[in-house]
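Subject: Structure handover

Hello,

Here is the structure I promised to pass on to you. Have a look at it first, and then read on for what I found in it.

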Amino acid sequence: MRILVVSDIHANLVALETVLSAAEGHYDALWCLGDLVGYGPRPNECVALIRDLAEVCVMGNHDWAVLGRPGINVEDFNPQARQAVLWTRAQLSAENRAFLDQLPDVPIHPPAAQGILITHASPSEPVWEYILSPSTAMFNFQVFDEELCFVGHTHKPAIFRWRGPVDGDDTATVEYRQPTPGVPVLLATSARQRLIVNPGSVGQPRDNDARAAYAFLDLETRVWQQERIAYPIELTQNQMREAGLPKRLVDRLSFGW
Ligand code: ZN
């Protein structure tokens, strides 16, 4: 069974459609790691697609903010993100809002996938924490038991590999690597080796590569393949300008940050 793993779509419909058409015929189920909306110009269309296609989906911090849930003050977002949250809140249909509202805000186990946890941000703080460094990953490896955990939120593709203590050496280590697009990686696990894996962002990459990021996971072989695909960024940018979204959010898509 082959899974298409997407995250951080952020209402970028052009990017999402580009990913879905490139992936068509190559997957059996779709997992979405949250942040369907926020920043981008087509929240309703993106939520509707994920509603139809995703086997599982978890809640991201922007989804949470758009719902206006307690626990986050939208004033804590930077001014452009805040403006996008408020704009999105006004756009969202009742049906799509209801879909976002029922998304789990805790880590979940996808069906038919042994030993796998998925969450938006981190096992420790499922909606909020950024796993950007081996030290944050190290802390998180202590708060879940599964072999593999898939996260989004940072908008940067990543693989964090935890290696447990070996005989005569009682220090666990975490190593970080950035997967190369198109190159399969075996997500081998054991009692002494577990992984946290991030597919990057469909709709607003932040690793200085403007192309949409996504990945495939083969559930039987545990092979992970990072993918990148160029999409017509200017179409999304035109939609953002028409919607009156902040220029800074429009511009950053060209640079992938
Ligand atoms: Zn995000």
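In β11, Gln-226 is the bridge partner of Ala-215. That pair belongs to an antiparallel match between β10 and β11, which are joined by seven bridges. Please keep in mind throughout that this is a predicted model. The two strands make a hairpin with four residues between them, and Arg-222 in the turn has a positive phi of about 60°.

Next to Gln-226 in the sequence you will find Gln-225, also in strand β11 (residues 223–229). Is Gln-225 buried or exposed? Its relative accessibility is 19%, and because the cut-off for buried is under 20%, Gln-225 counts as buried. Its side chain makes a polar contact of 2.9 Å with the side chain of Glu-227. Beyond its neighbours within four places in sequence, Gln-225 touches Gly-182, Val-183, Pro-184, Tyr-214, Ala-215 and Phe-216.

The other strand of the hairpin is worth a look as well. All seven of the seven residues of β10 are buried, so the strand is largely enclosed by the rest of the structure. Ala-212, Tyr-214, Phe-216 and Asp-218 point one way from β10, while Ala-213, Ala-215 and Leu-217 point the other way. Leu-217 is also the bridge partner of Ile-3, in a pairing of β1 with β10 that is antiparallel and runs over four bridges.

Now for the whole sheet. Six strands form an open sheet in the order β3-β2-β1-β10-β11-β8, with mixed pairing. Which strands stand at the edges? They are β3 (54–57) and β8 (184–186); each has a single partner strand, so one side of each is left without a neighbour in the sheet. From one strand to the next, the twist averages 25°. At the β3 end, strand β2 (residues 29–32) pairs with β3 in the parallel sense over three bridges, and Leu-30 has Ala-54 in β3 as its bridge partner.

Two helices lie across these strands. α1 lies across β1, β2, β10 (212–218) and β11, and runs at about 35° to β10. Helix α2 (residues 43–53) lies across β1, β2 and β3, and runs at about 110° to β3. The buried residues of α2 are Pro-43, Asn-44, Cys-46, Val-47 and Ile-50. Seen down the axis of α2, these buried residues fall within an arc of 165°, so they line one face of the helix. They pack against β1, α1, β2, β3, α4 (79–91) and α5 (94–101).

Ile-50 turns up again in the largest nonpolar core. Of the 49 residues in that core, Val-6, Leu-36, Ile-50 and Leu-100 touch the most other members. The largest share of the core, seven residues, comes from helix α1 (residues 13–23). Apart from it lies another core, of 22 residues, among them Leu-33, Val-56, Val-58 and Leu-195. Leaving aside neighbours within four places in sequence, the contacts of Leu-36 include Ile-9, His-10, Cys-46, Val-47, Ile-50, Phe-99 and Leu-100.

One of those contacts, His-10, has an unusual-looking entry in my notes: a positive phi of about 50° although it is not a glycine. His-10 is found in the loop between β1 (2–6) and α1, and is buried, with a relative accessible area of 1%. His-155 is another residue to check, with a positive phi of about 70° although it is not a glycine. His-155 lies in the loop between β5 (148–150) and β6 (158–163) and counts as buried at 1% relative accessibility.

Finally, back to the hairpin turn. Arg-222 and Leu-187 are 35 residues apart in sequence, and 5.5 Å apart in space, C-alpha to C-alpha. Where is Leu-187? It sits in the loop between β8 and β9 (193–198). At 1% relative accessibility, Leu-187 counts as buried. Leaving aside its neighbours within four places in sequence, Leu-187 is in contact with Leu-148, Phe-150, Ile-159, Leu-195, Val-197, Leu-217, Arg-222 and Trp-224.

Happy browsing, and best wishes

Terms used: Residues are numbered from 1 along each chain as its sequence is written. This is a predicted model: local features need pLDDT of at least 70, side-chain atom pairs count only at pLDDT 80 or more; totals for chains, interfaces and linings use all residues. Side-chain values use heavy atoms; hydrogens and water are left out. Buried means under 20% relative accessible area, exposed over 50%, partly exposed in between (1.4 Å probe, protein chains only). A polar contact is a pair of N or O atoms within 3.5 Å; within protein, one must be able to donate a hydrogen and the other to accept it, and residues adjacent in sequence count only if both atoms are side-chain atoms. Contact means heavy atoms within 4.5 Å. A nonpolar core is a set of buried Ala, Val, Leu, Ile, Met, Phe, Trp, Tyr and Cys residues joined through side-chain atoms within 4.5 Å. Two strands pair if DSSP finds at least two bridges between them. Axes are lines fitted to C-alpha atoms, for helices over the stretch in contact, and angles run from 0 to 180 degrees between N-to-C directions. The arc is that of the directions from the helix axis to the C-beta atoms.
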